[in-house]
Amino acid sequence: GASAIAEALKKNSTLQKIHLIQNKISDEGFIAIAEALKINYTLLEIYLGYNKIGDEGATAFAEALKTNSTLREINLERNEIGDEGASAMAETLKTNSTLQKINLDDNDIGDKGATAISEALKANFTIQKINLEGNQIGDKAAIAIIANALKTNYTLQTINLCDNWFI
């Protein structure tokens with residue numbers, strides 16, 4: 001499954017987009033894909049929504065993004081990523097200069113992960129669109145995301161915080 005795809009991604013030099021939506025990919029499979037992304041320099045977009053990716057997989061992916069300089073768009077909607085995985089990705093966003101779109105819709109991200117993302121948006125000037133719809137983000141964290149983005153980030157064009165836990 002995912003391990004075979006990861007091995008192919010290590011060798012492929014032409015693929016620019018891959019859709020792996022709804023394939024029951026777990027952290028183990030995603031970690032293998034993340035390892036492949038460390039050496040794949042052609043993939044621009046990866047769609048991994050509706051899988052079983054959690055914090056461990058998201059953390060491995062964040063590590064891969066530290067060296068990958070081609071990915072422009074990632075879709076991780078409807079997985080099981082929580083605050084730990086979101087915080088790891090946020091840390092990487094502070095230095096990543098290629099990602100433009102991130103979809104983390106319908107995961108398990110709460111205030112801690114959202115706050116980490118808001119801090120990352122202060123330093124990241126390539127993200128144009130971030131989708132955090134359908135998580136567990138409260139008022140204060142949502143306000144921090146918007147405030148940080150609007151005060152310092154001049155590349156962000158779209159923030160989606162619909163269907164969270166605002167009071």
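Seven salt bridges are present in the structure, which is a predicted model. Side chains of opposite charge can pair when their charged atoms come close. One of these pairs joins Asp106 to Arg78, with 3.1 Å between the closest N and O atoms. The two residues lie 28 positions apart and link distant parts of the chain: Asp106 belongs to the loop between S4 and helix H5 (111-123), whereas Arg78 belongs to the loop between strand S3 (73-75) and H4. Asp106 is partly exposed, at 26% relative accessibility, and Arg78 is likewise classed as partly exposed, with a relative accessible area of 41%.

Arg78 also engages Tyr50, the side chains of the two residues making a polar contact at 3.2 Å. Tyr50 is located in the loop between strand S2 (45-47) and helix H3 (55-65). With a relative accessible area of 36%, Tyr50 falls in the partly exposed class, because this class spans the values between 20% and 50%. When residues up to four places away in sequence are disregarded, Tyr50 touches Ile21, Gln22, Asn23, Glu77, Arg78 and Asn79. The C-alpha atoms of Tyr50 and Asp106 are separated by 9.4 Å in space, although the two residues are 56 residues apart in sequence. Arg78 thus has a polar side-chain contact with Tyr50 and a salt bridge with Asp106.

Two further salt bridges were examined. In helix H5, the side chains of Glu119 and Lys122 meet at an N to O distance of 3.2 Å. These residues are separated by about one helical turn because they are three residues apart in that helix. Glu119 is partly exposed at 35% relative accessibility, and Lys122 is partly exposed with a relative accessible area of 35%. A salt bridge is also formed between the side chains of Lys94 and Glu91, with an N to O distance of 3.3 Å. Lys94 has a relative accessible area of 34% and is partly exposed; for Glu91, also partly exposed, the value is 46%.

A buried position is provided by Thr98, whose relative accessibility of 12% lies under the 20% limit and therefore places the residue in the buried class. Thr98 occupies the loop between helix H4 (83-93) and strand S4 (101-103). From this loop, the side chain of Thr98 reaches the backbone oxygen of Leu71 at 3.2 Å. Beyond its neighbours within four places in sequence, Thr98 is in contact with Asn68, Ser69, Thr70, Leu71, Arg72 and Thr126.

Note on methods:
Residues numbered from 1 in each chain as written. Predicted model: local features only at pLDDT ≥ 70, side-chain atom pairs only at ≥ 80, totals over all residues. Heavy atoms only, no water. Helix = DSSP H or I, 4+ residues; strand = E, 2+ residues; numbered from the N terminus. Buried < 20%, exposed > 50% of the residue type's maximum accessible area, 1.4 Å probe, protein only. Polar contact = N/O pair within 3.5 Å; in protein donor to acceptor, adjacent residues only side chain to side chain. Contact = heavy atoms within 4.5 Å. Salt bridge = Lys/Arg side-chain N within 4 Å of Asp/Glu carboxyl O.
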